[in-house]
Amino acid sequence: MDRRTFLGASIAIGFAPPALAQDEGVVRMRDLYNKDLSFSDYAKSMEGSRVSVQGYMAPPLKADSSFFVLTKRPMAVCPFCETEAEWPDDILAVYTKRTLKTVPFNIRIVTSGQLALGAYTDPELGFVSRVRLVDAIYERG
């Protein structure tokens with residue numbers, strides 16, 4: 001490779017759009033939505049596929065559950081239990097394969113599961129979600 005080719009390639013790389021997190025194996029929650037909160041093309045294309053999302057486990061709604069909410073930022077209180085707590089706009093419902101072993105609210109985890117889109121009301125908890133991971137597993141990340 002001569003100097004001119006190298007410099008041209010270097011400049012082109014500098015102007016290329018940044019790679020999305022999914023290229024690294026982990027999807028950012030914001031990559032699932034457009035600015036108007038509709039589902040992104042990426043989310044639509046990945047519906048039904050397994051994806052990994054990094055975040056924090058919100059305090060569970062009940063003990064011995066296979067459901068939790070993944071949040072972008074650590075939350076020390078259940079956002080659904082405190083009437084004055086602000087409802088986060090960057091959450092993801094997660095349905096695990098097994099009963100939860102809770103992780104402290106301030107420990108980052110990576111959750112992998114099948115991406116499901118569209119309104120869904122959990123028949124047991126009444127929790128309404130627009131985006132979910134089902135048959136999920138998680139680990140400290």
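L37 sits in the loop between helix 1 (3-15) and helix 2 (41-46) of this predicted model. Its phi is near 70°, a positive value in a residue other than glycine. The relative accessible area of L37 is 49%, so the residue counts as partly exposed. A second residue with a positive phi is D135, where the angle is near 50°. D135 is not glycine either. It belongs to strand 5. With a relative accessible area of 44%, D135 is partly exposed.

The overall fold was examined next. The protein chain contains two helices and five strands. Read from the N terminus, the order of elements is α-α-β-β-β-β-β. The five strands form a closed barrel. Around the barrel, the strands run 1-2-3-5-4, and their pairing is mixed. From one strand to the next, the twist averages 55°. Strands of a sheet pair through backbone hydrogen bonds, and the pairing can be parallel or antiparallel. Strand 4 and strand 5 run antiparallel and are joined by ten bridges. Within this pair, Y120 stands opposite S129 of strand 5.

Contacts and surface were computed for the whole chain. Among contacts with a separation of 6 or more, 64% link residues 24 or more positions apart. Of the 141 residues in the protein chain, 36% are buried. The chain exposes about 9,100 Å². Carbon and sulfur atoms supply 53% of that area.

The loop between strand 4 (108-121) and strand 5 (128-140) holds D122. D122 has a relative accessible area of 8%. This value is under 20%, so D122 counts as buried. A polar atom of the D122 side chain lies 2.8 Å from the backbone nitrogen of E124. When residues up to four places away in sequence are left aside, D122 touches Y95 and F127. The surroundings of D122 thus include a polar atom of E124 as well as contacts with Y95 and F127.

Charged pairs were then searched for. Side chains of opposite charge can pair when their charged atoms come close. A search of the whole structure finds two salt bridges. One joins D31 to R28, with the closest N and O atoms 3.1 Å apart. D31 is buried, at a relative accessible area of 10%. R28 is partly exposed, at 29% relative accessibility. This salt bridge therefore pairs a buried acid, D31, with a partly exposed partner, R28.

The other salt bridge links the side chains of D90 and R73, again with an N to O distance of 3.1 Å. Both residues lie in the loop between strand 2 (67-71) and strand 3 (91-96). D90 and R73 are 17 residues apart in sequence, so the pair ties together separate parts of that loop. D90 is buried, with a relative accessible area of 13%. R73 is partly exposed, with a relative accessible area of 49%. Here too, a buried aspartate, D90, meets a partly exposed arginine, R73.

How values were computed. Residues numbered from 1 in each chain as written. Predicted model: local features only at pLDDT ≥ 70, side-chain atom pairs only at ≥ 80, totals over all residues. Heavy atoms only, no water. Helix = DSSP H or I, 4+ residues; strand = E, 2+ residues; numbered from the N terminus. Buried < 20%, exposed > 50% of the residue type's maximum accessible area, 1.4 Å probe, protein only. Polar contact = N/O pair within 3.5 Å; in protein donor to acceptor, adjacent residues only side chain to side chain. Contact = heavy atoms within 4.5 Å. Areas by Shrake-Rupley, 256 points an atom, 1.4 Å probe, with all protein chains shown as cover. Pairing = 2+ DSSP bridges. Axes fitted to C-alpha atoms, helices over the stretch in contact; angles between N-to-C directions. Salt bridge = Lys/Arg side-chain N within 4 Å of Asp/Glu carboxyl O.
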